[in-house]
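Here are two short exercises to work through at your own pace. Have the model open beside you and try each task before reading its solution.

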Amino acid sequence: MRIIFHFFSFATAIVNLIFSVRFYFRYQQSKMKTMLSCSLSSIFAFLAFIILALPQLVLFDPTWIQIAFISVDILLLGFVLGWSLVLLELMEWPSYETIIFKVFSYWVLIYIFLNVVFFSPSIQLVSDGEIYYWISGTLWLQSINRALLIIAALVISTVFFYWSKTFQEEKQKKLFWRVFIIGIGPIITATAGFIFWVFPLFYFSPFLLIFSSLLGFLGFFTSFIVSVVVIRFPQEKSLKK
């Protein structure tokens with residue numbers, strides 16, 4: 001059953017790679033900075049989920065697996081930062097961009113430093129005598145970072161929902177539903193992260209591991225398929241309300 005987790009992790013990575021390329025081509029056509037930021041954010045997510053699929057697939061050493069998990073955390077911080085800057089620009093809140101960028105940058109540096117100081121190899125997660133997966137060696141530190149990632153995802157969803165109300169009031173139904181549905185994606189992804197990071201600490205089930213990877217895939221797929229494929233991303237002047 002473990003192969004199913006790897007499949008959804010790779011599928012999520014490929015989805016992000018495809019949409020990173022699409023966003024980049026949009027940037028080449030429109031020269032909109034938001035498109036470039038979306039493309040870079042998707043690259044971060046692509047690398048994160050590629051690495052997430054590696055433990056016990058090609059990596060077997062607890063030290064390297066722990067390094068992989070730390071790398072995933074940092075890449076997901078980059079993904080969240082990218083989308084945070086995109087939202088601030090679209091909502092015309094430029095005064096917050098520098099603050100958000102500095103906060104994320106300082107936390108990444110602190111996070112790397114603390115992981116070096118308190119580094120501990122990852123721990124085997126055993127089910128029925130089989131090493132099914134691994135959990136982080138520095139659990140307290142990674143728990144702080146992952147809690148911040150979940151909170152950030154929920155904040156991004158909240159901003160999307162707030163933004164969608166503007167289009168609803170202006171009776172722009174297409175934009176309302178697109179922005180609203182995109183906002184659902186981070187909630188699904190945050191739920192997946194909560195299940196993947198928290199549940200194994202109290203109750204481990206191979207089904208929950210697979211379910212979390214499925215939710216992660218659906219979260220990214222929902223947001224990107226709506227924003228890029230179903231309804232075309234509007235021009236910058238339409239976005240800035």
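On a 1 Å grid over the protein atoms alone, a cavity is a set of points where a 1.4 Å probe fits but cannot get out, and lining residues have an atom within 4 Å of a point. The model is predicted, so local features need pLDDT of at least 70 and side-chain atom pairs pLDDT 80 or more, while totals for chains, interfaces and linings use all residues. Residues are numbered from 1 along each chain as its sequence is written, and side-chain values use heavy atoms, without hydrogens and water.

**Exercise 1.** Describe the largest cavity and its lining.

*Step 1.* Its volume, the space filled by probe spheres set on grid points joined across faces, edges and corners, is about 580 Å³.

*Step 2.* Of the 36 lining residues, Phe49, Leu76, Thr189, Ala190 and Phe220 lie nearest the centre of the largest cavity.

*Step 3.* H6, a helix (a DSSP run of H or I, at least four residues, numbered from the N terminus), gives the largest share of this lining, nine residues.

*Step 4.* By class, the lining of the largest cavity has 25 nonpolar (Ala, Val, Leu, Ile, Met, Phe, Trp, Tyr, Cys and Pro), one charged (Asp, Glu, Lys and Arg) and 10 polar residues (the others, Gly among them).

**Exercise 2.** Describe the second largest cavity in the same way.

*Step 1.* This second cavity holds about 120 Å³ of space.

*Step 2.* Its lining has 13 residues, and Trp134, Ile135, Arg146, Phe196 and Trp197 lie nearest its centre.

*Step 3.* H6 again supplies the largest share, here four residues.

*Step 4.* The classes are 11 nonpolar, one polar and one charged.

Conventions. 1 Å grid on protein atoms, 1.4 Å probe; cavity = no way out; pocket = protein on both sides within 12 Å on 5 of 7 lines; lining within 4 Å. Helix = DSSP H or I, 4+ residues; strand = E, 2+ residues; numbered from the N terminus.
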